[in-house]
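Reader: I should be grateful for a close look at a single part of this model, with its packing described residue by residue. Please then relate that part to its wider surroundings.

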Amino acid sequence: MTTDTGQRRLRRAWLARLSPQGEVDLDRAALPRALIEDAVTRLGLGPVGWAIELSSVVVRRIVAEVPPLGGSPAAVEMLRRGNEATTVRALSTLVDSPDAAPPVGEATLEGIREFVHRAIPLERVLQGVRIGHAATTEAFLRACTELVDPRVAVDEVTAVSRELFSYVDNLSDAMIRTYLAEHEAWSTSAAAARADLVRSLLSDAASVDADEASRALGYNLRRTHEAVVVWSDSPHAGSTLQAAAIEVLRARGANATLTVPVAAGRLWAWGVVPADGTREDSSPEAIAQALSVRQLQAAFGTPGAGVAGFARSHREAQRAERVERLRREAGQDIRTATAYADVAAVALMATDLEAAGDFVRRELGALAEPGAVMEALRTTLFYYLGAERSLVEVARRLHVARATVTYRVKRAQEVLGHGLDDRRFTLHTALALAEELGDAVLLPRTPQR
């Protein structure tokens with residue numbers, strides 16, 4: 001260690017006292033274990049844990065303010081990996097020097113290439129960079145004022161602010177160069193032309209010649225289509241997603257398919273299906289198995305004819321996907337395959353999730369409260385109303401005794417404070433939303449900070 005480096009480290013000793021506010025499991029860091037271990041060796045366990053915790057907060061803020069930079073769990077994970085790398089690198093820059101910090105690595109730049117493929121404009125990417133820079137700088141400066149001797153705090157805050165600005169300026173240059181180079185290569189590729197054409201069909205089908213588009217895509221747009229969205233938590237599941245999409249569409253009777261990767265770990269696909277709705281080869285169990293073994297999920301639209309049906313089925317698949325994402329966020333059981341036809345009512349009612357939650361909590365009252373007891377009462381009452389008050393059917397469905405069903409229904413009415421014939425449709429609707437989306441509608445939404 002040179003004298004200058006040693007003096008710098010001595011002046012920046014306060015950085016070694018950084019530590020996360022909560023528990024940070026390094027095994028769950030977004031960066032590879034080897035990079036985390038190297039950072040811990042150079043910078044210390046506490047500071048690295050602090051940087052990882054900060055990065056998670058920053059990513060949530062970026063996705064909340066610039067939603068296109070998210071897009072899927074895998075895309076968020078890629079964003080988390082890149083931001084974690086830049087935060088740890090910023091820490092290295094402040095501890096040693098910009099020259100001693102690790103170079104901008106693949107973890108930072110792979111997300112930039114991903115944004116190009118998803119047609120996210122450069123200005124949106126840079127907006128995310130600015131949000132991340134502001135949040136990261138704010139955290140470093142706050143820590144500086146808390147940990148540095150007040151007699152030198154002003155000078156240190158000024159120095160840290162200047163160095164972080166220079167760091168982000170250089171990082172932005174590297175990201176812009178990567179974006180422009182990737183954009184030039186991608187814009188001339190067949191995959192880009194294919195993706196652009198599909199997006200045009202979805203956004204303004206009337207402006208696209210169906211026959212010409214069919215020839216360009218190698219897919220007959222004048223037939224009947226069923227859309228599917230397939231996604232994964234892994235940002236590196238590209239070929240797996242495509243193979244799964246083709247397999248499940250074939251299982252649902254498709255004799256031709258079209259696939260378009262749209263984000264890390266996310267793919268759109270369509271299949272030409274029989275116009276009469278026959279599905280001789282369709283097997284829900286086989287479809288669920290094909291997805292489960294690959295650790296994927298899929299959401300299907302309903303069949304639609306022509307270009308209009310192509311677009312409508314896709315919109316439905318996206319709505320079904322949203323229901324599954326809401327269920328997952330709320331801690332509900334994960335379903336590998338979801339058909340829009342099965343969740344259409346819930347999808348439409350949950351378009352405005354905040355309003356849906358207000359409706360559920362208002363209609364159910366104390367029955368919306370958390371806990372296993374209230375959950376059992378809600379579920380039993382939901383199936384009881386749906387089964388036209390058949391105790392035998394509900395007992396069979398829930399695998400409980402008839403007496404248990406009777407008790408729970410009676411207790412649920414007591415909690416509600418009114419009879420089941422009062423506002424029956426409204427009550428059943430609220431119960432359906434609670435059953436499907438759980439805490440997403442049972443608990444008030446927490447505003448993003």
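**Helix 13 and its surroundings**

Author: In this predicted model, helix 13 spans residues 340-349, and its buried residues are Y340, V343, A344, V346 and A347. These buried residues pack against two strands and two helices: strand 4 (296-300), strand 6 (337-339), helix 12 (306-329) and helix 18 (424-437).

The nonpolar interior may be considered next. The largest nonpolar core comprises 67 residues, and W270, L364, L367, L381 and L437 are those with the most contacts inside it. With residues up to four places away in sequence set aside, L381 touches L367, V409, A412, L416, L420, L427 and L431. Apart from this core lies another, of 49 residues, which includes L31, V48, I52 and I120. In soluble globular proteins, nonpolar side chains tend to be buried together.

Two further sites complete the account. G71 is located in the loop between helix 3 (45-65) and helix 4. Because its relative accessible area is 43%, G71 is partly exposed. Leaving aside neighbours within four places in sequence, G71 is in contact with R118, R266 and R325. G71 and A263 are 192 residues apart in sequence, yet their C-alpha atoms are 7.1 Å apart in space.

Helix 4 itself covers residues 73-95 and contains E77. E77 has 24% relative accessibility and therefore counts as partly exposed. The side chains of E77 and R80 are joined by a polar contact of 3.1 Å. Between the C-alpha atoms of E77 and L94, which are 17 residues apart along the chain, the separation is 26 Å.

Note on methods
Residues numbered from 1 in each chain as written. Predicted model: local features only at pLDDT ≥ 70, side-chain atom pairs only at ≥ 80, totals over all residues. Heavy atoms only, no water. Core = buried A, V, L, I, M, F, W, Y, C linked by side-chain atoms within 4.5 Å. Buried < 20%, exposed > 50% of the residue type's maximum accessible area, 1.4 Å probe, protein only. Contact = heavy atoms within 4.5 Å. Helix = DSSP H or I, 4+ residues; strand = E, 2+ residues; numbered from the N terminus. Polar contact = N/O pair within 3.5 Å; in protein donor to acceptor, adjacent residues only side chain to side chain.
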